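Welcome, and please open the structure in your viewer. We will go from stop to stop, selecting a few residues each time and looking at what surrounds them.

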Amino acid sequence: MQMGDETRQRVKFTDDRVCKSHLLDCCPHDILAGTRMDLGECTKIHDLALRADYEIASKERDLFFELDAMDHLESFIAECDRRTELAKKRLAETQEEISAEVSAKAEKVHELNEEIGKLLAKAEQLGAEGNVDESQKILMEVEKVRAKKKDAEEEYRNSMPASSFQQQKLRVCEVCSAYLGLHDNDRRLADHFGGKLHLGFIQIREKLDQLRKTVAEKQEKRNQDRLRRREEREREERLSRRSGSRTRDRRRSRSRDRRRRRSRSASRERRKSSRSRSRDRHRRHRSRSRSHSRGHRRASRDRSAKYKFSRERVSREESWECGRSERGSTDRRLESTNGKAASRKSEEKEAGEI
């Protein structure tokens, strides 16, 4: 199927609508065009520009279009082989039955005819290309094969009745499923084996074999790459597990070290705290002892001072009482003296008045 300019701009060679066999230059629609088995136009897109794009892209990366082309050619060759078997079956029904010995001799004649046709086609191709010497060598080989064919025909003729030998014996070509006659001349054989139909089928079958080999190699390579990647992934996983176990071991060892350090530090802290508590208790005991002793001394001093103060107070009170009694007696003496003086003055005053 051909494309217009607008469609060509939109479609890429990776599109499913593009014929992958055409990109690989093995589409039967192109190869058998113009023969009696012309398949007509392909249902998928054919474009030489897309083939050029594919050839450029395939050099950079593998697109695996060979698998699609192989499936296409396998289905086409399978259909051709089915037609060949049907043609053989029809010939077996229409032609007379012959013995196995005669059939083998006829098959030998057919094989020699096929070899002559192939050699003549090759000689013509070499002559067209200008390689005259090689073409002459091929023609010499043709003469030798013709001599063998003559002997094979003589054996076949002697093994059959004359009436049956004159009957045309047909054979189906295994390559293109065309009919070949046992008594075909060299020109007819050369035209068949050098014709476009037969050569086209040879090209398709050879391309199919090549694609099978290529696909098998790529699949093997892909499997090896997949296996290598899996082994690398497993190796990396093992290494990661080992490194992880080492890391966990290191973490565990570090954790144990930290716990040990913590336990040591905690032990030191407990010892320090116990020592500090002991020192604190000792200090408190000493302070209590000192305070108790100080309090005892202070109490003693207080008691002594209080006793002294009470003694002084008692002495002061005693002295005050003594002084008071002395002052009272003095006052009483003064009062008596003053009373006596006053009475004397009053007496003197009264005497004066008198």
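How far is the sulfur of Cys173 from the closest cysteine sulfur, and why is there no bond? Please select Cys173 and Cys176 to find out. The sulfur of Cys173 has its closest cysteine sulfur in Cys176, at 3.7 Å, and that is too far for a bond. A disulfide needs the two sulfur atoms within 2.5 Å. Keep in mind as you look that this is a predicted model.

Stay with these two cysteines for a moment. Cys173 is buried, with a relative accessible area of 2%, and Cys176 is buried too, at 0%. If you go looking for disulfides elsewhere, a search of the whole structure finds zero.

**Next stop: the largest nonpolar core**

Select Phe13 and Phe201. In the largest nonpolar core, which has 34 residues, these two touch the most other members. Now colour the helices that each supply at least two residues of this core: H4 (48-60), H5 (66-94), H9 (186-193) and H10 (196-353). Apart from this core lies another, of 12 residues; Ile116, Ala123, Leu126 and Val142 are among them.

Go back to Phe13 and show what surrounds it. Setting aside residues up to four places away in sequence, Phe13 touches Val18, Lys20, Leu23, Leu50, Asp53, Tyr54, Ala57, Leu63 and Phe65.

**From Phe13 to Leu63**

One of those partners, Leu63, deserves a selection of its own. Leu63 sits in the loop between H4 and H5. Is Leu63 buried or exposed? At 15% relative accessibility, Leu63 counts as buried, because the cut-off for buried is under 20%. Beyond its neighbours within four places in sequence, Leu63 is in contact with Phe13, Tyr54 and Ala57.

Try a distance here as well. Pick the C-alpha atoms of Leu63 and Thr14: these residues are 49 apart in sequence, yet 8.8 Å apart in space.

**Two charged side chains to visit**

Select Arg51, which you will find in helix H4. Arg51 is buried, with a relative accessible area of 15%. What does Arg51 contact, leaving aside its neighbours within four places in sequence? The answer is His22, Leu23, Asp25 and Asp30.

Then move to Lys218, in helix H10. Lys218 has 19% relative accessibility and so counts as buried, since the limit is under 20%. Not counting residues up to four places away in sequence, Lys218 touches Asp62, Phe64 and Glu66.

**Last stop: the second largest pocket**

Finish by showing the pockets and picking the second largest, with a volume of about 230 Å³. To centre your view, select Ala121, Lys122, Gln125, Phe193 and Leu199, which are the closest to the centre of this pocket among its 13 lining residues. Helix H6 (100-128), H9 and H10 are the elements that give two or more residues to the lining. Which of the elements gives the most to this lining? It is H6, with five residues.

Colouring the lining of the second largest pocket by residue type shows a mixture: five residues are nonpolar, three are polar and five are charged.

How values were computed. Residues numbered from 1 in each chain as written. Predicted model: local features only at pLDDT ≥ 70, side-chain atom pairs only at ≥ 80, totals over all residues. Heavy atoms only, no water. Core = buried A, V, L, I, M, F, W, Y, C linked by side-chain atoms within 4.5 Å. Buried < 20%, exposed > 50% of the residue type's maximum accessible area, 1.4 Å probe, protein only. Helix = DSSP H or I, 4+ residues; strand = E, 2+ residues; numbered from the N terminus. Contact = heavy atoms within 4.5 Å. 1 Å grid on protein atoms, 1.4 Å probe; cavity = no way out; pocket = protein on both sides within 12 Å on 5 of 7 lines; lining within 4 Å. Points joined across faces, edges and corners; volume = space filled by probe spheres on them. Nonpolar A, V, L, I, M, F, W, Y, C, P; charged D, E, K, R; others polar.
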